[in-house]
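Trainee: I would like a close look at one part of this model, namely the charged side chains and the elements that carry them. Where do they sit, and what do they pair with?

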Amino acid sequence: MSTVVSLVNACLMASYEGRVPPTWIRRAVESGLAGVGVFGTNLAPPEPVAPGAAPYGTLRDDIAAPLRAVRPDVLIALDEEGGDVTRLDYHRGSPYPGNHALGAVDDLGLTREVARAIGADLADAGINLCLGPCADVNSRPNNPIIGVRSFGADPGRVARHTEAFVRGLQDRRVAATLKHFPGHGDTGTDSHTALPDIDRDLPALRALDLPPFAAGIAAGAKAVMTGHIRLPHLAEPPATLSPRIVTGLLREELGYDGVVVSDALEMAPVLDRWGFGGAAVLAWSAGVDLVLLGASGVEHALPQVYEAVESALKKGELTIERLEEAAARVAALRAWADPVPTGTGRSGSDTGRSGTGRSGSDTGRSGTGRSGSGTGRSGIGLVAARRALVAVGVPSPGPSGPVHCVRLSSEANMAVGVAPWGLDRALDGLGRLASALDVDPGTDPADIPLPAAGPLVVVVRDAVRDPWQHATLDALRTRRPDLVTVDMGLEPARGRLAAPLLLTRGAGLANAVAAAELLTGRTWPGPPSGG
């Protein structure tokens, strides 16, 4: 293998399609590929887990173990933010609330404990790099890509919780990634589909967007992910490809010396203009260390990247020294995040690790899986979701009979994907589901059947930002004035939705269970998993 290919592999993260890693990705890892990204499309619903078994054993056994058999220190990464953006629980919903809920509760100890639990789940699954938390300040309420993924609109609050989340994840020896530098919170465009412009000059950026990244860096975040966002006041290229932003702002001004990770190059505004090879060269030249190619199988992209680097080196557009610097930083991250070999263990009060599992009163762990019923980690996610729940005019105790549930479906952004959301599973788990109806977007409210009697909830997500949901909700309320609205999106301005109303501040399974408990007066029998 040539020196160039070896160096490029040492600075690349690829992905594949299907559940079990195919031959080509194993060969790439054997040839020095730094990391493998795992996405929801890799995680088909697992077989039912036997009582007492590790909850993420299939991910560990089917994905992590085959990769680590090739090279033990390979980085295995996924987006695990809790709440709406989950990969571990992509097909059942997260047992933890997301950042919007945690920021609203504003208990730094709680945020750190939730992050510790998420980190422990990741480690159980064989994941050593978390592509989170979002350090974005959600300064534009109608932002189509951040929303509930942010700790809030106040830079100070977002900074405090970003720091707590980083410390919690890395307590469990799972590397945290701050994203999306230098801040994706003031965009009106989803960067998966088009290149957003952020009208911020440098003083505004320092005041509003950079404090959470500075706090996360001070907490020791092992990685920072750049965003595919353009800041015309600072540079013409998007942040991922801009030396002014990566080297100047992140490295020199904020003093960051850890691994800089690119957002996925396959995202349309980057791929369509520069291609995999051209974008990778520009990213490394800008100061990025670890290039993430994308969520789909990218076997075809590897030769494109090798060829582009060879050409750039000959033209002087990229140097061997820059690749060597990037490879060294990534190697240091791999060494820090190297998982414990089975049966040997790693001691330390910050991790509590052993070769068969982890113990500790904060997690209730043992070598066989999660505490309680084996389906949740000490219930910290449900504790947090209950504290985040807001009830306006909802009678207590709730109705004694089963509840009819109507969900006004909405399309999620690409970061969330098709992870399930709603109240039907939570109500069913409490033995209080009378009926469940999903209504497609655009349906005429007159065509939606409603029960004539019995408790009724209508579940929405960001209804005040969706004209169809908002109008449909009003129309249904004229037919059933007693219906309870449950909004599982960004907390709306007070008074925008009529009572009785529940605001869950997110659409994770934990949020749903907390709402279902309040509606029914019943208590969930154990920490939620939805499995």
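Mentor: Start with R505, which is buried at a relative accessible area of 11%; the model is a predicted one. Its partner is E491, and the two side chains form a salt bridge with an N to O distance of 2.8 Å. E491 has a relative accessibility of 21%, so it counts as partly exposed. That assignment rests on the cut-off, because buried means under 20% relative accessible area. R505 belongs to the loop between β14 (501-503) and α16 (509-520), and E491 to the loop between β13 (484-487) and β14, so the salt bridge ties together parts that are 14 residues apart in sequence.

Strand β13 comes just before the loop with E491, so it is worth a look here. Both of its faces are covered: V484 and V486 are buried on one side, T485 and D487 on the other. β13 runs parallel to strand β12 (residues 456-460), and four bridges join the two. In one of the pairings between them, V458 has T485 of β13 as its bridge partner.

Arginines also meet an aromatic ring. R461 has its charged end over the ring of W421, at 4.3 Å from the ring centre. The charged end of R407 sits over the ring of W421 too, 4.6 Å from its centre.

Over the whole structure, the search gives 31 salt bridges. One of them joins K179 to D79, with the closest N and O atoms 2.7 Å apart. K179 is in strand β5 and D79 is in the loop between β3 (75-78) and α4 (99-105), so this contact ties together parts 100 residues apart in sequence. Both K179 and D79 are buried.

The strand that carries K179 leads to a sheet. β5, β6 and β7 form an open sheet in that order, with parallel pairing. β5 (177-181) and β7 (259-261) are the edge strands, each pairing on one side only. On average, neighbouring strands of this sheet are turned by 25° against each other, direction ignored. Between β6 (residues 223-226) and β7 there are three bridges in the parallel sense, and A223 has V259 in β7 as its bridge partner.

β5 also holds one half of an aromatic contact. The count of aromatic pairs comes to two. In the pair of F181 and F213, the ring centres are 5.2 Å apart and the planes stand at 90°, so the arrangement is edge-to-face. F181 is in strand β5 and F213 in helix α8 (residues 210-218), so the pair connects parts that are 32 residues apart in sequence. F181 is buried, with a relative accessible area of 0%, and F213 is likewise buried at 0%.

The remaining charged group is a network of salt bridges that links R251, D257, D289, R322, E325 and R329. R251 is among the buried residues of helix α9 (residues 243-253), along with I245, V246, G248, L249 and L250. After α9 comes G255, whose phi is positive, near 70°.

Helix α12 (residues 320-336) supplies other members of the network, including R329 and E325. This helix has 17 residues and reaches 24 Å from first to last C-alpha, close to the 24 Å expected at 1.5 Å a residue. R322, L323, A326, A327, R329, V330, L333, R334 and W336 of α12 are buried. R329 and E325 meet in a salt bridge, at 3.5 Å from N to O. They are four residues apart in the helix, which means a separation of about one helical turn. R329 is buried at a relative accessible area of 16%, whereas E325, at 38% relative accessibility, counts as partly exposed.

Note on methods: Residues are numbered from 1 along each chain as its sequence is written. This is a predicted model: local features need pLDDT of at least 70, side-chain atom pairs count only at pLDDT 80 or more; totals for chains, interfaces and linings use all residues. Side-chain values use heavy atoms; hydrogens and water are left out. The expected span of a helix is 1.5 Å times one less than its number of residues. Buried means under 20% relative accessible area, exposed over 50%, partly exposed in between (1.4 Å probe, protein chains only). Two strands pair if DSSP finds at least two bridges between them. Axes are lines fitted to C-alpha atoms, for helices over the stretch in contact, and angles run from 0 to 180 degrees between N-to-C directions. Rings of Phe, Tyr and Trp (its six-membered ring) pair if their centres lie within 6.5 Å; planes under 30 degrees apart count as stacked, over 60 as edge-to-face and the rest as tilted. A charge sits over a ring if NZ of Lys or CZ of Arg is within 6 Å of the ring centre and within 35 degrees of the ring normal. A salt bridge is a side-chain nitrogen of Lys or Arg within 4 Å of a carboxyl oxygen of Asp or Glu.
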